[in-house]
Amino acid sequence: MLIVGIDENGLGPLLGPLLVTAAAFEAETYDKDAFWRIAAKRLAADDSKKIFSSGRLGKAEKATLAWLDAFGFRPSTYAELVMSVCCRAPLPLPCENAVLKCCLPSTTRLPCFSDCADECKNRDADDSFRCDGIKPVAVRSASICPGAFNLALEGEGLNKFKLDFLLMMRLAREL
């Protein structure tokens, strides 16, 4: 069966783009508690509010790079990260290449908040998931830069919930 998890993991107006990420796994069977025990063991999965809290950017970066590695993505720059997992913007952008300009310069080397060059790699994560009957299949992110986010909210009928939902549905269709 295919298991897809989708969640918001960033808020544009405060720090960078509004970001929503979806991860898809194939599994022989699905037991939610067992799945998260395996994910926690293999990839230090936890509530994003615990991982990405203020002052823990190094921990967040380490977790993010480890998850990406499990899906076969090993970006060495911020631009590679964006180009490998981000979908095309779902709203008109007020500036060119907004996703690449929202947070870090595109040439920023990864890791940049932690010293985890080797530690961030989970070369055996795919194999260890497989041993438990779970296979990472795909990961995609969609974002709305702060400028597009704020412009969208100025219009009639859109709010943050609807923007989140728009991104989540886009990712579900892509996966």
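How many helices and strands are there in the protein chain?

1. The model is a predicted one, and its protein chain contains 8 helices and 3 strands. Followed along the sequence, these elements come in the pattern β-β-α-α-α-α-α-α-β-α-α, in which two strands open the chain and two helices close it.

2. On the chain as a whole, buried residues make up 41% of the 175 residues. Among the contacts with a separation of 6 or more, 72% are accounted for by residues 24 or more positions apart. The surface that the protein chain exposes comes to about 9900 Å², and carbon and sulfur atoms supply 55% of that surface.

3. One part of the surface deserves a separate mention, namely a nonpolar patch of about 290 Å² that is made by Leu2, Val4, Val137 and Leu175. Of these residues, Val4 has its place in strand E1, which covers residues 2-8, and Val4 is partly exposed, with a relative accessible area of 38%.

4. Helix H7, spanning residues 146-154, has Ala148, Phe149 and Ala152 as buried residues. Seen down the axis of H7, the buried residues fall within an arc of 105°, so they line one face of the helix. The cover over the buried residues of H7 includes strand E2 (18-27), strand E3 (134-144) and helix H8 (160-174), so a reader who wishes to follow this part of the model may begin with those elements.5. A search of the whole structure finds 4 salt bridges. Side chains of opposite charge can pair when their charged atoms come close. In one such case, the side chains of Asp69 and Arg74 meet in a salt bridge, at 2.6 Å from N to O. The two partners differ in their cover: Asp69 is buried, with a relative accessible area of 3%, whereas Arg74 is partly exposed, with a relative accessible area of 40%.

6. Another salt bridge joins Arg140 and Glu174, whose closest N and O atoms are 3.1 Å apart. Because Arg140 lies in strand E3 and Glu174 in helix H8, this pair ties together parts that are 34 residues apart in sequence. As for its surroundings, Glu174 counts as partly exposed, at 40% relative accessibility.

7. Which residues are linked with Glu8 in a network of salt bridges? They are Lys160 and Asp164, and the side chains of these two meet in a salt bridge of 3.1 Å, taken from N to O. Lys160 and Asp164 are separated by about one helical turn, because they are 4 residues apart in helix H8. Here too the cover is uneven, since Lys160 is partly exposed, with a relative accessible area of 29%, while Asp164 is buried, with a relative accessible area of 10%.

8. Finally, on the cysteines, the structure holds 0 disulfides. Cys86 counts as buried at 17% relative accessibility, whereas Cys112 is partly exposed, with a relative accessible area of 31%.

Conventions
Residues numbered from 1 in each chain as written. Predicted model: local features only at pLDDT ≥ 70, side-chain atom pairs only at ≥ 80, totals over all residues. Heavy atoms only, no water. Buried < 20%, exposed > 50% of the residue type's maximum accessible area, 1.4 Å probe, protein only. Contact = heavy atoms within 4.5 Å. Areas by Shrake-Rupley, 256 points an atom, 1.4 Å probe, with all protein chains shown as cover. Patch = residues over 30% accessible without salt bridge, like charges linked within 9 Å, V, L, I, M, F, W, Y side chains within 5 Å. Disulfide = S-S within 2.5 Å. Arc of directions from axis to C-beta.
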